[in-house]
Amino acid sequence: FQLSLTYDALRKPETALLFYKEYKNIDDIISQESSQKKITELETNYEIAKKEKELQLMRKDEEINQLQLAEERILINSLIVIVALVILLAFLVYKRYLFKARLTGVLEQEIDDHKNTAVKLQESEEKFRVLAEKSVVGICIVQDNTIRYANPRFEKLFGYSREQLIGLCSCDLAVREDRPMVEEQVKKRM
C-alpha cells in the first residue's frame, strides 16, 4: 500500500514533496534508531573486545610474573647451593689446614725424637767404644757367626790385627779339633 501511494505521490510533485518530507522524517527516525542500535552494538562489541584484550594482557602479565618468580626461585636456589658449596669448601680447606698442622707437629716431634735418639745413640756408642778400647778383657761382636768388631785386647789375645779379625767366622778362632763343639755351642746360643 505504501508503495502504491509513493508511486501516486511521485506523479504529483507537491504530494511527492510531502511524501518525501514525511518519509524523510520517518526514515531519519528509523535510520537514527538503527544507527543508534548499530552504534550501541559497535560500542558493546568494542567494550567486549577491549575487556578481552585487557584479560589477555592480564593473563600475559600473570604468566610473566610467574616466569619471573620461577627465575627468582632458581636464582635463589642456585645462590643457596653456591653458598653451601663455598662453606663446604672452606670447611674442607680448614680441616686440611688443621690436619696438615697436626701432621707437621707430629713430624716435627718425631724428627726431634730421632735427633735426640741419634745423639743418645752416638753418646752410647762413644761410651761403649771407650769402654771396649780401654778394657783389659778381650771383647768382640759376632753377628751372623761373623766377627764384626774386636777390641785391642782381643787382638792381642789371638794375635791377629783388627783387619784380619773382621769378617772371620768365629769358629775359625777355635782349634781345629774343637771347632764342631764351638759351632754347636754357637748354634745353641743363636
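**Figure 1. Ser-170 and Asn-145 meet through their side chains.** In this predicted model, a polar contact of 2.7 Å joins the side chain of Ser-170 to that of Asn-145. To find Ser-170, look in the loop between helix 4 (162-165) and helix 5 (179-189). Is Ser-170 buried or exposed? Its relative accessible area is 16%, and because buried means under 20%, Ser-170 counts as buried. Leaving aside neighbours within four places in sequence, Ser-170 is in contact with Val-142, Asn-145, Ile-147 and Val-186. Its partner Asn-145 has a relative accessibility of 24%, so Asn-145 counts as partly exposed.

**Figure 2. Two residues with positive phi sit between strand 1 and strand 2.** Here we stay with Asn-145 and add Asp-144. Both belong to the loop between the two strands: Asp-144 is placed there, and Asn-145 is too. Most residues other than glycine have a negative phi. Asp-144, however, has a positive phi, near 55°, and Asn-145 has a positive phi near 65°. How accessible is Asp-144? Its relative accessibility is 61%, and since exposed means over 50%, Asp-144 counts as exposed.

**Figure 3. Strand 1 and strand 2 form a hairpin.** Strand 1 covers residues 140-143 and strand 2 covers residues 146-150. The two strands run antiparallel, and four bridges join them. One bridge to look for pairs Ile-141 with Tyr-149 in strand 2. The hairpin has two residues between its strands, and Asp-144 takes its positive phi there. How many residues of strand 2 are buried? Four of its five residues are, which leaves strand 2 mostly covered.

**Figure 4. Phe-128 and Tyr-149 form an aromatic pair across distant parts of the chain.** The structure holds two aromatic pairs. In this one, the ring centres of Phe-128 and Tyr-149 are 6.0 Å apart and the planes are at 55°, so the pair is tilted. The pair links distant parts of the chain: Phe-128 lies in helix 2 (residues 13-134), Tyr-149 lies in strand 2, and the two are 21 residues apart. Their surroundings can be described too. Phe-128 is partly exposed, at 35% relative accessibility, whereas Tyr-149 is buried, at 16%.

**Figure 5. Phe-154 and Phe-158 pair within helix 3.** A pair of aromatic rings is described by the distance of the centres and the angle of the planes. For Phe-154 and Phe-158, the centres are 4.6 Å apart and the planes make an angle of 40°, a tilted pair. Where do these two residues lie? Both are in helix 3, four residues apart, which is about one turn of the helix. Phe-154 is buried, with a relative accessibility of 8%, while Phe-158 is partly exposed, with a relative accessible area of 36%.

**Figure 6. Helix 1 and helix 3 mark the two ends of the confidence range among the elements.** Which element has the lowest mean pLDDT, and which the highest? Helix 1 (residues 2-11) has the lowest, at 57, and helix 3 (residues 152-158) has the highest, at 93. For the protein, the mean pLDDT is 85, and 80% of the residues reach 70 or more. Where pLDDT is low, the predicted coordinates should not be read in detail.

Note on methods: Residues are numbered from 1 along each chain as its sequence is written. Side-chain values use heavy atoms; hydrogens and water are left out. Buried means under 20% relative accessible area, exposed over 50%, partly exposed in between (1.4 Å probe, protein chains only). A polar contact is a pair of N or O atoms within 3.5 Å; within protein, one must be able to donate a hydrogen and the other to accept it, and residues adjacent in sequence count only if both atoms are side-chain atoms. Contact means heavy atoms within 4.5 Å. pLDDT is the predictor's confidence in each residue, from 0 to 100. Rings of Phe, Tyr and Trp (its six-membered ring) pair if their centres lie within 6.5 Å; planes under 30 degrees apart count as stacked, over 60 as edge-to-face and the rest as tilted. Two strands pair if DSSP finds at least two bridges between them.
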